[in-house]
Structure formats: structure tokens, C-alpha cells
Amino acid sequence: MKRNFNIHFAKQLSLWIIVMSFLGCENNINDLKPASYSTNPEVFIDGFSSGLIYAAFSSTVVTAFQVDKSVTYNNTSASMRYDVPNVNDASGSYAGGAYFTAVGRDLSSYNALTFWAKASQAEAIGVVGFGIDLGENKYPASLSNLQLSTVWKKYIVPIPDASKLKIEKGMFYISAGPDANGNGYSFWVDEVKFENLGTIVQQQATINNGLNTTVTSFNGVSVTVAGLSSTFNMPNGYNQAVTTSPNYFTFSSSNPAVATVNELGVVTTVGAGSAIITASLAGVAAKGSLTIQSLGAFTAAPTPTKLAANVISLYSNAYTNVPVEYYNGYWAPYQTTQSADFNVNGDTVLNYTNFNFVGIQFSKPTINATAMTFLHVDLYIPNTLVPGSNFSIQVVDFGADGVYGGGNDTSHTLTYTSPKLVSKSWISFDIPFSSLTGLTSRAHLAQIIFSGTTISNIYTDNVFLYHN
């Protein structure tokens with residue numbers, strides 16, 4: 001019977017293909033129309049809209065979300081409820097997820113996502129927006145630290161450029177963690193939909209946080225334009241900043257022979273010279289720019305030659321690095337240093353800009369360096385040195401308690417000036433631990449601190465301890 005069925009099915013299928021082919025010959029190509037997509041603006045109105053899919057984010061409490069029929073806005077039939085866990089909840093650290101469709105919708109006629117919300121206590125929600133579809137996630141836009149109160153209030157997430165959302169799948173997403181004391185709470189969201197509000201006016205889009213900055217670069221270095229947002233004047237008269245995907249922007253380079261930029265704002269240096277990266281959103285120039293000053297071909301730091309068995313590496317592509325908490329310790333308000341690390345031909349270099357001091361910390365666990373005899377650091381100063389410039393390296397041991405400020409910390413600082421310091425060339429420091437007389441122990445090493453005077457930018461590579 002199975003054999004006969006298959007033969008019959010094959011005959012029927014062949015006949016269907018012939019019929020379809022015949023009908024296709026009757027169609028005029030000029031009569032074909034582009035596929036249309038639903039313009040349904042509803043996400044959650046008394047329940048999920050047609051075709052909506054929910055997926056909890058990783059590390060969330062999966063059961064944190066539920067449909068609530070008892071607490072609703074304006075006596076509607078149901079709302080979306082989120083029970084945020086406390087900080088000690090073993091099942092997850094926060095609540096949230098994405099709501100998306102398998103088939104995209106045409107949202108180009110709307111200019112905002114709106115919803116009503118309230119919470120069991122006044123609280124800030126980490127992030128809420130649209131554009132996350134667990135696929136390309138091409139056009140997300142969101143609000144951060146959204147302030148909820150204990151009464152229902154309408155919230156608006158403006159769309160940066162609605163013309164982009166002709167086939168959008170990401171309808172809504174939200175994420176919230178415990179309060180400042182680590183306690184959990186509940187909040188509700190209702191009447192989630194896209195609207196066309198005539199009272200929203202786009203004020204200004206920004207890249208690079210609206211700043212005009214200059215960075216030194218080399219051939220092959222890629223950096224991503226950050227600090228993207230768009231600001232809208234809202235119905236209440238206030239300006240609202242929206243975190244905006246790079247796909248909403250159109251990026252351009254003033255000199256593609258020096259630096260190119262793609263649709264995601266990834267800037268790649270390709271030649272020597274200067275190029276200014278700018279952008280526009282919906283045809284309007286964005287505030288801020290990134291100027292690339294390329295020095296051309298990059299000279300890498302000297303390749304380390306020490307045997308791996310004799311090395312404890314903090315930062316080097318040549319060795320396996322031990323656990324490091326951070327390479328840029330922010331000790332506000334005194335530190336001005338920022339990170340602009342870059343990768344050239346597979347080698348990542350630590351780049352510290354606006355440099356005054358910076359800490360590399362590795363206290364979890366600390367390092368027992370009693371068998372090591374030297375500290376090695378490679379340094380590159382890309383800008384011209386001015387008279388009086390100096391560079392210091394401080395090594396810190398946290399003592400047996402392994403914590404900073406425990407009363408048993410010891411350290412020693414070495415300061416270098418010219419002729420040891422030179423610009424536009426790698427400098428290798430091989431510092432004998434025997435010269436660090438203030439470091440009375442190195443059984444619990446935890447920090448290396450770099451500081452400098454009138455040195456605005458440094459590159460660092462190959463930071464490791466070794467013995468001969």
C-alpha cells in the first residue's frame with residue numbers, strides 16, 4: 001500500500017507542477033506586485049497579538065514573566081507581569097525577554113512604541129525597547145533606566161527612522177534586575193503597541209557621544225564608532241535620548257584612501273593620512289565625529305622570546321595570560337585615562353588615551369612571584385614628547401590578606417624620563433625585582449599602575465613576569 005501511495009502522490013505532484021507551469025505562462029510580469037507585510041501595530045492588547053513569540057533572555061528567571069488578569073491598566077482583560085528576582089535567587093539574576101514575530105511587519109507608518117507600566121515600588125528598569133528578534137537584531141532602539149512608579153503611566157520609545165522598519169520582527173524587549181539593595185519586586189506592562197504620535201519631534205542624532213575626537217591609528221586597525229543615540233522632543237516638552245542601532249545611521253569617510261567605514265560604523269584604517277568619520281540619520285547630519293590620524297604601517301612590539309614555563313603573563317598574545325580583573329582601573333574622580341585598544345593583524349594592543357594614570361589589577365587570585373626575577377613591559381608613545389615628560393611603573397603587593405588597604409600592602413615606583421623615554425618607537429622595560437626595594441614581598445602581587453606627565457597617549461603590550 002505504501003508503494004502504491006507514493007506512486008500516486010508522485011503522479012499528482014507532477015500534474016500539479018504542470019498546472020502551475022501552465023498558469024505561470026498566462027501571467028504578465030508587469031502584473032506582479034511586491035509582497036506586502038502586515039501593518040498590525042499591536043504587541044500586547046489584552047493578550048499577545050497574532051504571531052507573537054516570546055523568548056526569555058539567558059540568565060533570567062524563565063518563570064519571571066506571566067500574563068496577569070488581576071492587575072491591568074484601565075480594567076483591561078490582561079497585562080504582562082514581571083517578577084524580578086532578588087540578588088540571591090539561584091534560578092536567575094534578572095527578568096526579561098524578547099517578543100518577536102516569525103514574519104516581519106511593516107512599521108514604517110508609526111513613529112513610536114508606546115505602553116503603560118507600573119511597579120510594586122518606584123524603580124528603574126534596566127532597558128526597554130524594540131528591534132531584538134533573535135536573528136539579525138538589525139534595528140533595535142531602547143530607553144535605559146526607565147523610571148517606573150507605583151501608578152500607571154504611559155511611556156514612549158521613539159523610532160529613530162521609521163522608514164527602515166518595513167520588515168521588522170522585533171516587536172518589544174525588556175530587561176530588569178534587582179533594586180539597589182538587591183531585593184526583588186514586580187512590575188506590569190500593558191497596552192503595548194506602535195503609534196504615530198504627531199507630538200514627537202526629532203531633535204538631534206549623535207555619534208561619538210556628540211564629541212569631535214581624534215585618534216592615532218595604523219593600517220589594519222579597526223575601531224567601531226560608539227556613543228550612538230538620537231534625541232526627541234516628547235509630548236511633555238522634555239527631550240528623550242534613545243539608544244540607537246548603527247543600522248539607522250549612514251556613515252561616511254572624508255578620505256576612504258585613509259579610512260573606510262561600513263554600515264555598522266566599523267572604521268578600518270587602510271593608508272597614511274587623515275580622515276574624518278561622520279554620519280547622518282534620516283538625512284540629517286549627526287552631531288560628533290571621529291578623526292583618524294593614520295601613521296601608516298604599524299610596527300608591532302618585539303616578539304617575546306622567554307620560555308613559557310618561565311613566564312607569568314598578564315597581557316601578551318605570545319603566552320597564556322593569568323586571570324586579570326581589569327586592564328583599565330577607573331579611580332574617579334582623579335583618573336582621566338580611557339581605553340581605545342586596537343587589533344592589528346591578530347595582535348591586540350592596549351591603548352590608553354587622555355592618559356594620566358591607569359591600573360591593571362589581578363587580585364583574584366593574587367600572584368606569587370617569589371620565583372620571578374623581572375617585570376617586562378613594552379611601551380610605545382605615538383605623540384611627540386615634550387620637555388619634562390615622565391612615565392612611572394608602580395608594582396603593588398596586597399599582602400597576605402590579599403586585599404587593598406589591609407595594612408600590609410607594599411609597593412615600589414620607578415620613574416623614567418629621557419633618554420630612556422622616546423616617541424614613535426617601542427621601549428622595552430626589563431625591571432629587576434631586586435631594584436624594587438619598597439616591595440618587601442612579591443608573594444601576593446595584585447596591581448601594576450602606570451602613570452605619566454604630559455604623555456597623552458600610550459600603547460602597551462607584553463606585560464609579564466619572568467625569571468632567567
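The following dialogue goes through a predicted model, from the whole chain down to single side chains.

Q: Which secondary structure elements does the protein chain have, and how many of each?
A: The protein chain has one helix and 33 strands. The helix, α1, covers residues 2-26.

Q: What does the radius of gyration say about the overall form of the protein chain?
A: The general idea is to set the value beside that of a compact globule with as many residues. For 468 residues such a globule would come near 23 Å, whereas the protein chain has 29 Å. The C-alpha trace spans about 85 × 65 × 55 Å along its principal axes.

Q: How many of the 468 residues are buried, as a percentage?
A: Buried means under 20% relative accessible area. In the protein chain, 46% of the 468 residues are buried.

Q: How should the order of strands in an open sheet be read, for instance with β14, β18 and β19?
A: The order gives the neighbours across the sheet, and it need not follow the numbering along the chain. Here three strands are arranged as β14-β19-β18, with antiparallel pairing. The edges are β14 (222-224) and β18 (259-261), each of which pairs on one side only. Between neighbouring strands the average turn is 20 degrees, direction ignored.

Q: Which residue in β19 is the bridge partner of T224?
A: Pairing is read bridge by bridge. β14 and β19 (residues 266-269) are joined in the antiparallel sense over three bridges, and T224 has V266 as its bridge partner in β19.

Q: What is the strand order in the open sheet of four strands?
A: The order is β27-β32-β29-β30, and the pairing is antiparallel. At the edges are β27 (357-361) and β30 (410-416), each pairing on one side only. The twist from one strand to the next averages 15 degrees. Within this sheet, β29 (residues 390-397) and β32 (residues 445-453) pair over eight bridges in the antiparallel sense. One of the partner pairs is F391 with G452, the latter in β32.

Q: How many salt bridges does a search of the whole structure find?
A: The test is a distance: a side-chain nitrogen of Lys or Arg within 4 Å of a carboxyl oxygen of Asp or Glu. The search finds three salt bridges. R81 meets D68 at 3.6 Å, N to O. This pair links distant parts of the chain, with R81 in strand β4 (residues 79-84) and D68 in strand β3 (residues 65-68), 13 residues apart. R81 also meets D83, at 2.8 Å, N to O. The remaining pair is K154 and E195, at 3.0 Å, N to O. K154 is in strand β9 (residues 153-158) and E195 in strand β11 (residues 185-195), 41 residues apart.

Q: Which residues do shared partners join into one salt-bridge network?
A: Salt bridges that share partners join D68, R81 and D83.

Q: Are the residues of these salt bridges buried or partly exposed?
A: Each residue is judged by its own relative accessible area. D68 counts as buried because its value is 6%. R81, at 24%, is partly exposed, and so is D83, at 23%. In the other pair, K154 is partly exposed at 33%, while E195 is buried at 17%.

Q: Which residues form a nonpolar patch on the surface?
A: A patch of this kind is a group of nonpolar side chains with accessible area. Y37, V103 and I167 form one, with about 290 Å² of accessible area together. Y37 lies in the loop between α1 and β1 (42-44). With a relative accessible area of 33%, Y37 is partly exposed.

How values were computed: Residues numbered from 1 in each chain as written. Predicted model: local features only at pLDDT ≥ 70, side-chain atom pairs only at ≥ 80, totals over all residues. Heavy atoms only, no water. Pairing = 2+ DSSP bridges. Helix = DSSP H or I, 4+ residues; strand = E, 2+ residues; numbered from the N terminus. Axes fitted to C-alpha atoms, helices over the stretch in contact; angles between N-to-C directions. Patch = residues over 30% accessible without salt bridge, like charges linked within 9 Å, V, L, I, M, F, W, Y side chains within 5 Å. Areas by Shrake-Rupley, 256 points an atom, 1.4 Å probe, with all protein chains shown as cover. Buried < 20%, exposed > 50% of the residue type's maximum accessible area, 1.4 Å probe, protein only. Rg over C-alpha atoms; globule rule 2.2 N^0.38 Å.
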